[in-house]
Structures are given as structure tokens and as C-alpha cells.
Amino acid sequence: MPDPDTEIVVDDPTAPERDSPRVATTRTVEVVVYVFLIGLALLLGFDNWRSGAGWESDGPQSGYLPFYLCVILGAASLYGLGAVFLRRDGEARTFVTRAQFRRVLQVFVPTFLFCFLTQWLGLYVASLLLIAGFMRFIGRIAWWKSLLTAFLFALAMFLTFEIAFDVIMPKGPLEAVFGF
């Protein structure tokens, strides 16, 4: 593990290996995304049709434009799905390797937890935890620097949004203790 006081890592020893096994091919990901988009277009199209996708004497109903946007999305997705199946790729191209996917999850999982924890801890405490965690575990910055930076950032956000602009942000139990 690099020295925790290192602030900038030029040569990343945790970079993904070039010979890492692949998790998914480009073709597989394209098919999954197109099928998902077709399902989304069908679901949203049905909902807009149900709420009214026609034309009344006083103009379009509320679902008119969204319904036709769903039709366009579905048609474009069907076209893309057909193109994937008609394309003759000799060698399947790698979309993501195991090492690359692990690095993506290193960002996705903490960000997902941040969104989840914001509901109970509030924006400022969740931001403090996210920033300190990223700085320490991904950036390999010393704990004291990570916590100090995260605290100062959360404090600056609090002063900017709550005090200066009086914007209502999600708050948790810590803000309630201080009367906000």
C-alpha cells in the first residue's frame, strides 16, 4: 500500500490488469440496454395512453407528446436491437473486464450508499462520509487530511445553502440537535 501521506499518485499500482478476464461483451451489453429501453418505452407508453394520448377539441391530452416520444424510443430501440443481431462480428469485443468492473463498483457502491444514507443522516453528514471515504480508500490520503477536508467541505456547503441562500436541503439528526 502506498504511503498514506502521498497526495498525488502518478503511477497507479491499483490500475486494472491488461489480462483481466472479461465480464461482458459489447454485444451482450447492447442487447440488455436495448431490451431495457423497449420495456421502458412500453411501460411509459401504456401509462401515457391510459392517461390520454389523443387529441381533444381544445388540444392534445396530457399523454399525447410523451406517448409519441415513447413510440419513437421503442422504434429506435427495436432498430438498434435488430442491428445488433444482424451485425456479424468475428470476434466479440470486451465491454468491461473484471478489474475494470471492480473499479466501477468502487465508485458506484459508495455513491449509492450516499444517496441512501442522505435520507437518514442528511446531506451534510452523508457528504462528509462520502468525501472522507473516497479520499482515504480511493485516493489513499491520510485519515486526518481526509476528515479535515470532508468536514470543511460539508461546513462550506452548510454555510452556503442553509445560511447564505436559505435553501432547504435534506437534514438529519445532527442538524436537528443544532436547531436546523
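In which helix is Thr118 found? Thr118 sits in helix α3, residues 98-121. The model is predicted. This briefing covers the helices, the nonpolar core, the pocket, the cavity and two threonines.

**Thr118 in α3**
- Thr118 counts as buried because its relative accessibility is 8%, and the cut-off for buried is under 20%.
- Beyond residues up to four places away in sequence, Thr118 touches Leu123, Ala126 and Pro170.
- Two of these partners, Leu123 and Ala126, also belong to the largest nonpolar core.

**Largest nonpolar core**
- The largest nonpolar core has 8 residues in all: Phe114, Leu123, Tyr124, Ala126, Leu130, Met157, Phe158 and Met169.
- Helices α4 (123-138) and α5 (143-164) each supply at least two residues of this core.
- The top contributor is α4, with 4 residues.
- In general, nonpolar side chains tend to be buried together in soluble globular proteins.
- Phe114 is in contact with Leu123, Ala126, Ser127 and Leu130, leaving aside neighbours within four places in sequence.

**Helix α5**
- The 22 residues of α5 should span 32 Å at 1.5 Å a residue, and the end C-alpha atoms are 30 Å apart, so the two values agree.
- Its buried residues are Lys145, Ser146, Ala150, Ala154, Met157, Phe158 and Glu162.
- Charged residues appear in that buried set, including Lys145 and Glu162.
- The buried residues of α5 pack against α4.
- Just after α5, Asp166 takes a positive phi of about 55°.

**Largest pocket**
- The largest pocket has a volume of about 280 Å³.
- Its lining is made up of Tyr124, Val125, Leu128, Phe151, Ala154, Leu155, Phe158, Leu174, Glu175, Phe178 and Phe180.
- By class, that lining has 10 nonpolar, no polar and 1 charged residues.
- Glu175 is the charged one.
- Helices α4, α5 and α6 (173-177) each supply at least two lining residues.
- The largest share, 4 residues, comes from α5.
- Tyr124 and Phe158 line this pocket and are also members of the largest nonpolar core.
- Ala154 lines the pocket and is listed among the buried residues of α5.

**Helix α2**
- Helix α2 covers residues 64-86, 23 residues in total.
- From first C-alpha to last, α2 reaches 33 Å, close to the 33 Å expected at 1.5 Å a residue.
- The buried residues of α2 are Phe67, Cys70, Gly74, Ser77, Gly80, Leu81 and Val84.
- Two glycines, Gly74 and Gly80, are in that set.
- What covers these buried residues includes α1 (26-52).

**Thr97 in β4**
- Thr97 lies in strand β4, residues 94-97.
- Its relative accessible area is 11%, and therefore Thr97 is buried.
- Thr97 and Arg22 are 75 residues apart in sequence, yet 3.9 Å apart in space, C-alpha to C-alpha.
- Not counting residues up to four places away in sequence, Thr97 touches Ser20, Pro21, Arg22 and Val23.

**Largest cavity**
- The count of cavities of 30 Å³ or more comes to 1.
- The largest cavity has a volume of about 40 Å³.
- Thr25, Thr26, Arg27, Asp89, Ala92 and Arg93 line the largest cavity.
- This lining divides into 1 nonpolar, 2 polar and 3 charged residues.
- The charged residues here are Arg27, Asp89 and Arg93.
- Ala92 is the nonpolar one.

Technical notes: Residues are numbered from 1 along each chain as its sequence is written. This is a predicted model: local features need pLDDT of at least 70, side-chain atom pairs count only at pLDDT 80 or more; totals for chains, interfaces and linings use all residues. Side-chain values use heavy atoms; hydrogens and water are left out. The expected span of a helix is 1.5 Å times one less than its number of residues. Buried means under 20% relative accessible area, exposed over 50%, partly exposed in between (1.4 Å probe, protein chains only). Contact means heavy atoms within 4.5 Å. On a 1 Å grid over the protein atoms alone, a cavity is a set of points where a 1.4 Å probe fits but cannot get out, and a pocket is an open set with protein on both sides within 12 Å along at least five of seven lines; lining residues have an atom within 4 Å of a point. Grid points are joined across faces, edges and corners, and a volume is the space filled by probe spheres set on the points. A nonpolar core is a set of buried Ala, Val, Leu, Ile, Met, Phe, Trp, Tyr and Cys residues joined through side-chain atoms within 4.5 Å.
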